[in-house]
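Look at the structure below, then work through the questions that follow. Each answer sets a value against a definition.

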Amino acid sequence: YNESVENSIIIKNKFMNLQKVILFLLRVSLGALFLYAGMTKVLDPNWSAAGYLLGAKSIVGFYHWLAQPGIISYIDFVNKWGLTLLGISLLLGIGVRISSVLGALLMALYYLPQDFPYPNKNSFIVDEHVIYAFMLLFFAAVQAGRIWGLDEWCVKLPICAKYPKLRALFG
C-alpha cells in the first residue's frame, strides 16, 4: 500500500512540475509575441493605428472618433507601449495580473471593430484576439507571474506586507 501511495505522489509531483513548465512557456512565448508586436510599432516612425480604426466594420462611430487627428497620437502611444509593456511584463513575470487584465481589454478593442461573425477570412466568431484575451485572463487567474517570474519576489517585499492590497496587482 505504501509503495502505491508513494508512486502516486511521485506521479502527481511530476505532473505539477509539467504544468509549471507549460504555464511558464506559454507566458514567455506570449510575452515574446506581444513584445515583438509592440517594438515593431515603436521602432517604425510611420506606424499608426489610424488605418485599422478607419477600417472598422462595427462600432464604426467610436473607432472613427478614435482615429481623429487630435486623438490618434494618444491611441498610437497606448497601442505601441501597451503591447511592449505587456510583453515585458509577461517575459519577466512581473505585474502579470494587472497587465494581463489590461492586455485582455486591449485584445477586445482589437476584436470589436472587425466584421462579426467573421472577424477575418480564416475565422468564425473566434479569432486570435479572443484566444489571446482568454489566455491573458487565465494568466491573471492562476497568478502566472509567480511561476519562475518576478511576481514571486515582489509579493515578499516589505511594501507588500505593509499594503497587502498591492499583492492583488502581482500574479
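Q: Which residues of α4 are buried?
A: Ile 71, Ile 72, Asp 76, Asn 79, Lys 80, Leu 83, Thr 84, Leu 86, Gly 87, Ser 89 and Leu 90 are the buried residues of α4. Buried means under 20% relative accessible area, exposed over 50%, and partly exposed in between (1.4 Å probe, protein chains only). The model is predicted, so local features need pLDDT of at least 70 and side-chain atom pairs pLDDT 80 or more, while totals for chains, interfaces and linings use all residues. Residues are numbered from 1 along each chain as its sequence is written, and side-chain values use heavy atoms, leaving out hydrogens and water.

Q: How do you know that the span of helix α4 agrees with its 24 residues?
A: The expected span is 1.5 Å times one less than the number of residues. For residues 69–92 this gives 34 Å, and the end C-alpha atoms are 35 Å apart, so the two agree. Helices here are DSSP runs (H or I, at least four residues), numbered from the N terminus.

Q: Why is Ser 123 called buried?
A: Its relative accessibility is 13%, so Ser 123 counts as buried. Ser 123 lies in the loop between α5 (96–111) and α6 (128–142).

Q: Why does Ile 125 count as partly exposed?
A: Ile 125 has 34% relative accessibility and therefore counts as partly exposed. This residue is in the loop between α5 and α6.

Q: What makes the phi of Ile 125 notable?
A: Ile 125 is not a glycine, yet its phi is positive, about 65°. Most residues other than glycine have a negative phi.

Key: Helices (H or I, at least four residues) and strands (E, at least two) are DSSP runs, numbered from the N terminus.
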